[in-house]
Structures are given as structure tokens and as C-alpha cells.
Amino acid sequence: MTDAECEYWDEYFTNQDYKPTGPNLLDFGIKPGFANRTLILGELDKEVTAYLRTQAEKFQKSHTQVLSELVHEKLALGA
């Protein structure tokens, strides 16, 4: 990128108004910083979601780590 292009884009993004896209997560009760933990759970059953949250908090792991361990256990059993 040339200096002129860099200047152009710097000016462009500096002076543009921010226009958010997508839904306002605050309207869904999702606090800032928690979106990555909440969104993957949206399509799961309530019991599964509760289990994942409990295990994640109990063992200081992410929901993805808990799910991964469960799948690896299942694979190890040959199912």
C-alpha cells in the first residue's frame, strides 16, 4: 500500500460514522463480553445448556472445551 492509499483509507475510516450491523445483543440480555459464550448455546436444549454452563464454571473451562471432551469420551468408547 502506498502512502497516498494509506492516507486515503485513514481519512476514510476516521471520518465515517459507525453503522452497526446485526441485532443489538443487549436487547437479548447478552452483556458485553459474554456473546461468545452465549451464542453457541442458542440452539441447544435447556438441559444441555445448563449442564455446559455448570461444567464450564466448575472446571474453569469454555463451553467448547467441555463439548470437545464429551465428544472425545464418546469416540473413545467407540460409539
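Me: What counts as a salt bridge here, and how many does the structure hold?
Reply: A salt bridge is a side-chain nitrogen of Lys or Arg within 4 Å of a carboxyl oxygen of Asp or Glu. The model is predicted. By that cut-off, the number of salt bridges in the structure is one.

Me: Which residue forms a salt bridge with glutamate 69?
Reply: Side chains of opposite charge can pair when their charged atoms come close. For glutamate 69, the closest N and O atoms of the pair are 2.4 Å apart. The partner is lysine 61.

Me: Are the two partners, glutamate 69 and lysine 61, buried, partly exposed or exposed?
Reply: Buried means under 20% relative accessible area, and exposed means over 50%. Glutamate 69 has a relative accessible area of 37%. Lysine 61 stands at 30%. Both values fall in between, so glutamate 69 and lysine 61 are partly exposed.

Me: What pattern does the chain follow along the sequence?
Reply: The chain has four helices. It has zero strands. Read in order, the pattern is α-α-α-α.

Me: What percentage of the chain's residues count as buried?
Reply: The chain has 79 residues. Its accessible surface comes to about 7,200 Å². Carbon and sulfur atoms hold 56% of that surface. The buried share of the residues is 10%.

Me: Which residues form the nonpolar patch on the surface?
Reply: Together the patch residues have about 630 Å² of accessible area. One of them, methionine 1, sits in the segment before α1 (3-15). Methionine 1 has a relative accessible area of 76%, so it counts as exposed. The full patch is Met1, Tyr8, Trp9, Tyr12 and Phe13.

Me: How far apart are the end C-alpha atoms of helix α3?
Reply: Helix α3 covers residues 46-59, which is 14 residues. At 1.5 Å a residue, the helix should span 20 Å. The model agrees, with the ends apart by 20 Å.

Me: Which residues of α3 are buried, and what arc do they cover?
Reply: The buried residues of α3 are Thr49, Leu52, Gln55 and Ala56. They lie on the same side of α3, because the arc they cover around the axis is only 135 degrees. An α-helix has 3.6 residues a turn, so residues three or four places apart point the same way. The arc asked for is 135 degrees.

Me: Which exposed residues sit on the face of α3 turned away from its buried side, and which helix do the buried residues pack against?
Reply: The face turned away carries the exposed residues Lys46, Glu47, Glu57 and Lys58. The buried residues of α3 have a helix as packing partner. That partner is α4 (63-76).

Me: What separates the C-alpha atoms of arginine 53 and valine 66?
Reply: Arginine 53 is in helix α3. At 39% relative accessibility, arginine 53 counts as partly exposed. Valine 66 is 13 residues away along the chain. The C-alpha separation is 9.1 Å.

Me: Which residue just after α3 takes a positive phi?
Reply: The residue lies in the loop between α3 and α4. Its phi is near 55 degrees, a positive value in a residue other than glycine. It is exposed, with a relative accessible area of 70%. The residue is glutamine 60.

Me: Which residue just after α4 takes a positive phi?
Reply: Helix α4 has 14 residues and should span 20 Å. Its end C-alpha atoms are 20 Å apart, in agreement. Just after this helix, phi is about 80 degrees. The residue is glycine 78.

Note on methods
Residues numbered from 1 in each chain as written. Heavy atoms only, no water. Helix = DSSP H or I, 4+ residues; strand = E, 2+ residues; numbered from the N terminus. Buried < 20%, exposed > 50% of the residue type's maximum accessible area, 1.4 Å probe, protein only. Areas by Shrake-Rupley, 256 points an atom, 1.4 Å probe, with all protein chains shown as cover. Patch = residues over 30% accessible without salt bridge, like charges linked within 9 Å, V, L, I, M, F, W, Y side chains within 5 Å. Expected span 1.5 Å × (residues − 1). Arc of directions from axis to C-beta. Contact = heavy atoms within 4.5 Å.
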